[in-house]
Amino acid sequence: MTTALQPGDVRHRLGRGVDGGIGTDASRPDGTLKATGQFGFSSDLWTEGMIWGATVRSPHPHAAVVSVDVSAALGMPGVHCVLTHDDVPGRKTYGLESPDQPVLAIDEVRYQGEPVAVVAADDPETARRGAALVRVEYRLLPLVVDPVAALAPGAPEVHPGGNLVRHVKIRRGDPSARAEVVVSGDYEVGMQDQAFLGTESGMAVPAEDGGVDLYIATQWLHVDRDQVAASLGLPPEKVRLTLAGVGGAFGAREDVSLQIHLCLLALRTGRPVKMVYSRQESFFGHVHRHPARLHYTHGADREGRLVFVHADMVFDGGAYLSSSTAVVGNAATLGAGPYDVPNVSIDVRGAYTNNPPCGAMRGFGAVQACFAYESQMDKLAAALGMHPVDLRTRNAMTEGSSLPTGQVVDSAAPVAELLNRVRVAPMPPVASAGDAAGPTGDAAGPTGDAAGPTGDAAGPTGARSGATGLLPGGVANTTHGEGVVRGVGFAVGFKNVGYSEGFDDYSTARVLLTGAGGRLMASVHSAACEVGQGLVTVEAQIVRSELGVDEVVVETADTQVGSAGSTSASRQTYVTGGAVRAACQAVREELLARAAAVLGLEPDDPDLAEAELVGGKLLCRSGGTVVVADLVEGSPVERTVQWRHRPTEALHPDTGQGRAHVQYSFAAHRAIVDVDVELGLVHVVQIATAQDVGRAMNPAAVVGQIHGGTTQGIGLALMEEIQMADGKVRNPSFTDYLIPTMPDVPPMHVEVLELADPHAPYGLRGVGEAPTLSSTPAVVAAVRAATGRALARVPVRPEHIVFGDLTPQ
Amino acid sequence: MEFLAPTSWDEALAVKAEHPEAEVIAGGTDVMVDLNFDRRRPAMLVDLTRIADLATWQIDGSVLTIGAGVTYARIIDELSTLAPGLAIASRTVGSPQIRNRGTIGGNLGSASPAGDAHPPLLATKATVEVASARGSRSVPVEKFFTGAKRHVLAPDELIAAVTVPVAAGPQQFAKVGTRNAMVIAVTSFALALDPHAHAVGTGIGSAAPTPIRAEEAERVLAGELAAADQWEHRRPLDDHLVDHFARLSAEAAAPIDDVRGTAAYRRHALAVLARRTLSWAWSEYQRN
Amino acid sequence: MQLQFTVNERPCHVDDVWEGESLLFVLRERVGLWGSKNACEQGECGSCTVLLDGAAVCSCLVAAGQVDGRHVVTVEGLGDRSDLHPVQQAFVDAGAVQCGFCTPGLVVATADLLRRNPSPSDAEIREALAGNLCRCTGYAQILDAVRLAAAVAR
């Protein structure tokens with residue numbers, strides 16, 4: 001852990017000596033439950049009388065639904081009901097940004113896997129058999145599966161009104177600026193899947209008041225609730241959601257999947273209904289990362305100062321809107337990268353197609369752009385004969401820089417420092433002497449400078465890398481050193497934290513402080529979804545530090561408290577953390593008022609305002625001490641606070657100017673890879689990464705996020721893609737959608753900077769997404785360095801390394 | 001669905017004679033996936049894991065007989081000297097959990113073109129011992145596969161064992177996949193050198209509708225080794241010979257484009273694997 | 001069909017088992033042991049790892065009838081909240097748990113690894129746990145946990 005500046009924005013001194021307070025590696029409250037298998041995930045729900053649901057899905061990516069015959073399914077013993085769109089009592093569509101997606105197909109299906117009917121039956125096998133008996137007659141309709149073609153005149157319309165989802169334009173400076181050195185390139189990012197391990201699952205229980213209780217793994221309880229209530233035709237208060245254990249999310253649970261279906265089935269049958277998607281169904285049951293095509297032109301002067309960046313990107317949004325408008329907005333506003341660029345012209349368009357709907361995934365629009373602009377920076381460095389890090393640091397954004405949107409970066413932006421840190425990070429051990437020295441000899445030198453100015457390959461490594469004991473191909477015995485060349489690559493990226501473009505982004509927290517027999521206890525309640533990232537740990541840490549209480553219970557998240565917003569956009573520690581802190585401060589105010597009475601002080605006595613809450617005591621500067629448990633014994637203090645970050649504003653529709661973002665999170669990566677250049681196989685040998693987190697609320701958890709995010713970026717670089725053909729998914733299984741295994745992930749050198757953001761609670765920055773951005777281009781840069789290939793598309797396939805770039809499809 | 005678990009081989013054969021449509025299950029690593037994914041609903045499952053004899057191996061002279069129920073884990077632990085190519089291939093199968101369960105008989109029964117055991121069995125000219133209540137027969141492994149996921153077994157037949165010659169020389173196996181563990185072969189190649197018989201054996205996986213041999217490559221290499229008296233002299237192999245062998249190996253394949261790789265890549269990779277496995281095997285032969 | 005087997009050293013009898021069910025389904029839906037997780041149902045993820053007669057297997061790939069008369073140990077059998085197995089303790093202490101869905105399978109696989117090899121190298125750990133996918137952690141803290149558990153055992 002590296003702390004370069006003291007954290008700011010701590011209005012009073014936090015409880016020193018509180019075990020498990022902020023800044024400590026407090027253990028997860030759910031850790032032992034999870035390690036013993038006793039933690040209840042959404043797929044583990046069970047109740048007496050429970051029945052099971054299954055979904056009938058379209059096998060076609062675009063077809064008219066001519067007829068749906070449920071009679072055979074209904075006649076099957078053990079089947080309780082079969083529902084179609086006719087059975088949706090309220091709004092027949094749903095959607096995060098706009099309700100354009102049918103709960104169950106109405107007269108048309110627009111992507112393969114679109115739900116057409118749902119079945120409830122005694123057990124999962126009967127439900128599956130029942131679903132198989134639903135006869136749907138389809139009439140195939142013309143397909144549009146290429147996002148660029150979808151935007152061309154005359155393309156078949158996925159929705160009436162055309163296929164353009166959103167077009168964001170960013171215009172800054174002189175559009176016709178000329179530069180001495182110009183590079184351009186076309187890049188492509190494939191469709192990545194979040195591939196959480198716990199598939200979609202939940203249980204709906206009909207309630208006596210005509211409403212429904214839904215136990216669900218999700219990222220945003222209230223937005224689910226509102227969509228469920230609308231489709232059920234119920235007031236929101238009759239739809240109560242409780243978070244069930246979440247087996248990972250990464251964006252895939254932001255949209256509704258089975259929530260409405262479960263509630264429809266439960267209300268129709270009067271029975272609790274459970275659904276669990278299989279892995280195969282899960283690939284059809286949630287949105288994916290947008291595939292993107294990106295054309296960039298960068299211009300610089302001879303000294304490597306950027307003169308202009310022009311970009312034109314098309315994002316494939318698939319069949320329904322989901323969060324495409326926000327993804328497109330991020331790609332545009334962050335599309336020039338964390339650099340000072342005087343002249344910028346960026347166009348990003350989202351398109352409807354008959355591919356699977358795409359929406360949120362960790363990095364959310366910034367990932368695609370980062371791969372392209374960082375690839376461009378390497379290309380420009382090569383054209384200039386500069387080291388890729390030198391080119392980047394020369395143009396690095398700093399505090400006070402303004403984005404192409406005109407928004408001034410008003411807190412730390414340590415882009416150059418992050419790059420310099422990964423540049424000099426320790427190099428991986430090399431198995432045997434002389435192995436690393438390639439033709440240039442200095443390739444894997446101690447400074448990480450690779451081979452000379454272009455960040456070149458390090459030459460044949462010859463023997464097993466010391467780090468993981470593996471060569472490319474891993475355990476499959478493809479090389480004993482033949483063809484193996486080492487390469488080094490660098491990249492940096494940045495991501496907005498929180499919801500942008502004028503969204504009213506807030507959270508709500510309730511903190512209750514009770515005392516019984518001298519024992520002080522607190523509970524904290526919010527609707528913020530713990531999806532694995534460790535928010536529950538941080539919520540308790542904040543209460544401990546703010547109120548000086550050891551014993552803190554984090555209540556299960558549900559809709560009995562106000563909205564916390566989404567667990568996405570790296571925002572929960574910031575926004576719900578901010579709400580918990582604000583609720584604690586409200587509790588503190590009440591404690592001070594009560595203490596004033598006990599101590600015989602005026603409520604506004606400065607001695608009180610400076611008081612510390614530590615170890616269950618309220619300590620005044622002057623020596624006055626009150627046992628907090630006594631203050632709240634028989635009269636608990638409870639405060640519920642809604643807290644929002646400072647407002648943002650919409651982008652100007654023609655120029656894209658505007659203060660659209662709240663905060664940025666910066667990270668840089670250096671990747672060292674061994675590539676078997678003859679077989680096109682890659683083994684990542686080491687990752688070095690540095691990230692500014694503002695304040696590490698829980699350093700171990702912060703590092704865990706960085707490891708995990710980096711690994712998903714490695715996956716996108718080298719293996720992860722939902723492969724589509726004519727609108728159909730070719731690889732909906734973990735046999736053919738590959739995610740990194742333990743031998744695929746190298747040791748990581750992680751440096752964490754804490755440069756406080758004075759506008760944020762505790763100075764913290766959202767952590768989760770930034771590591772996913774630059775790991776992908778860093779790995780690809782390293783593979784390029786080892787192979788000399790252009791590699792303009794991710795994931796890089798062995799074919800691309802062996803035969804060179806294939807024409808983007 | 002019915003579930004039967006015979007405890008003797010004769011009982012298993014009797015069950016299969018009476019219910020030729022029954023699905024046979026051993027390690028379950030293929031059958032259970034089909035059941036879990038709702039791809040198959042056989043009327044009957046016949047479990048072979050309770051037949052103790054099926055999970056044994058023995059040596060008779062120079063012939064190693066491996067019961068169909070022997071797992072990959074045991075092949076790695078117990079047969080790495082007797083059947084080194086098969087053991088290397090077994091080590092590349094899935095995970096420890098899969099290797100603890102999956103069996104050589106099951107691999108043959110599934111007859112996937114990507115089955116990891118198949119190339120080394122082809123390279124060592126293995127024989128599949130097949131039985132039914134009607135009697136038993138021996139099928140050379142290269143005659144065993146009749147198409148993608150199809151084989152010569154009659155509906156009432158079961159795989160009893162595989163026989164391979166005890167390794168007389170170096171054997172190698174290499175498999176290409178797009179991650180560093182847990183992959184189904186994009187393509188794979190096995191090589192067996194038999195200095196006693198002056199024979200060369202090859203096996204190719206995932207590059208044709210069935211696992212195949214590279215017969216011309218075998219013939220050319222064996223011929224050149226004999227002509228130059230190389231089995232005796234163990235001199236370094238001529239680069240042209242190695243390249244020729246690699247090219248012929250790749251030409252033997254009939255790969256397709258699919259979700260795991262392109263035909264062109266498979267053919268290219270096969271040449272690389274053939275060249276490398278030959279150089280490794282020959283180096284080992286030179287050392288010993 | 002009916003099944004008799006032992007789970008975590010206790011005899012277990014279940015009725016009305018469908019013959020096509022997996023051991024994983026039996027454990028979760030019929031025995032009420034939810035610790036073994038279902039994430040892929042094809043042996044690719046290891047979340048359902050249990051010990052069957054002492055060998056680590058994916059319980060999703062074992063047919064229900066195949067366990068009749070056999071001995072199964074699940075994550076619940078290794079330890080519970082009041083008496084954590086050293087591997088479970090190490091996973092908690094090393095921060096190896098995030099969403100936790102992979103954790104039970106990894107705990108069982110790690111216990112099996114350390115029983116076979118009390119002092120594994122990093123390379124051996126990576127290879128032995130290659131069949132247990134984790135999507136949250138990037139494996140680094142899992143590797144720490146395995147090293148920690150091995151060190152504690154020594």
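How far apart do the C-alpha centres of domain 1 of chain C and domain 2 of chain C lie? In this predicted model, the two centres are separated by 21 Å. Domain 1 of chain C covers residues 3-78, and domain 2 of chain C covers residues 86-153. With these two parts located, the account can turn to how they meet, and then to how chain C meets chain A.

Where the two domains of chain C touch, domain 1 contributes 16 residues and domain 2 contributes 14 residues. Together they bury about 1,100 Å², and 64% of that area is on carbon and sulfur atoms. No charged pairing of the salt-bridge kind joins them, for the count across this interface is 0 salt bridges. Polar contact is nevertheless present between the domains, in 5 residue pairs, both residues of each pair being at pLDDT 80 or more. On the domain 1 side, β3 (49-52) and α2 of chain C each provide at least two of the touching residues. Of the elements on that side, β3 of chain C gives the most, with 3 residues. By residue class, the domain 1 side consists of 7 nonpolar, 7 polar and 2 charged residues.

The second interface to consider lies between chain C and chain A. A common way to express the size of an interface is the accessible area that is lost when the parts come together. For chain C and chain A, the buried area is about 4,100 Å², with 62% of it on carbon and sulfur atoms. The contact draws 49 residues from chain C and 60 residues from chain A.

Specific pairings can also be counted across this interface. Chain C and chain A are linked by 4 salt bridges. One of the salt bridges between charged side chains joins C:Arg135 to A:Glu720, whose closest N and O atoms are 2.6 Å apart. In addition, 20 residue pairs are in polar contact between chain C and chain A, with both residues at pLDDT 80 or more.

On chain C, the elements that each give two or more residues to the side touching chain A are α1 (23-31), α2 (75-78), α3 (86-93), α4 (103-116), α5 (122-128) and α6 (140-153). The residues on this side of chain C comprise 26 nonpolar, 12 polar and 11 charged. The helix α2 of chain C thus appears in both settings: α2 supplies residues to the side of domain 1 that touches domain 2, and α2 also supplies residues to the side of chain C that touches chain A.

Note on methods: Residues are numbered from 1 along each chain as its sequence is written. Chains are lettered from A and ligands numbered from 1 in the order in which they are written. This is a predicted model: local features need pLDDT of at least 70, side-chain atom pairs count only at pLDDT 80 or more; totals for chains, interfaces and linings use all residues. Side-chain values use heavy atoms; hydrogens and water are left out. Contact means heavy atoms within 4.5 Å. Buried area is the accessible area (1.4 Å probe) that two parts lose on being put together, summed over both. A polar contact is a pair of N or O atoms within 3.5 Å; within protein, one must be able to donate a hydrogen and the other to accept it, and residues adjacent in sequence count only if both atoms are side-chain atoms. Helices (H or I, at least four residues) and strands (E, at least two) are DSSP runs, numbered from the N terminus. Ala, Val, Leu, Ile, Met, Phe, Trp, Tyr, Cys and Pro count as nonpolar, Asp, Glu, Lys and Arg as charged, and the others, Gly among them, as polar. Domain bounds come from an automatic or database domain assignment.
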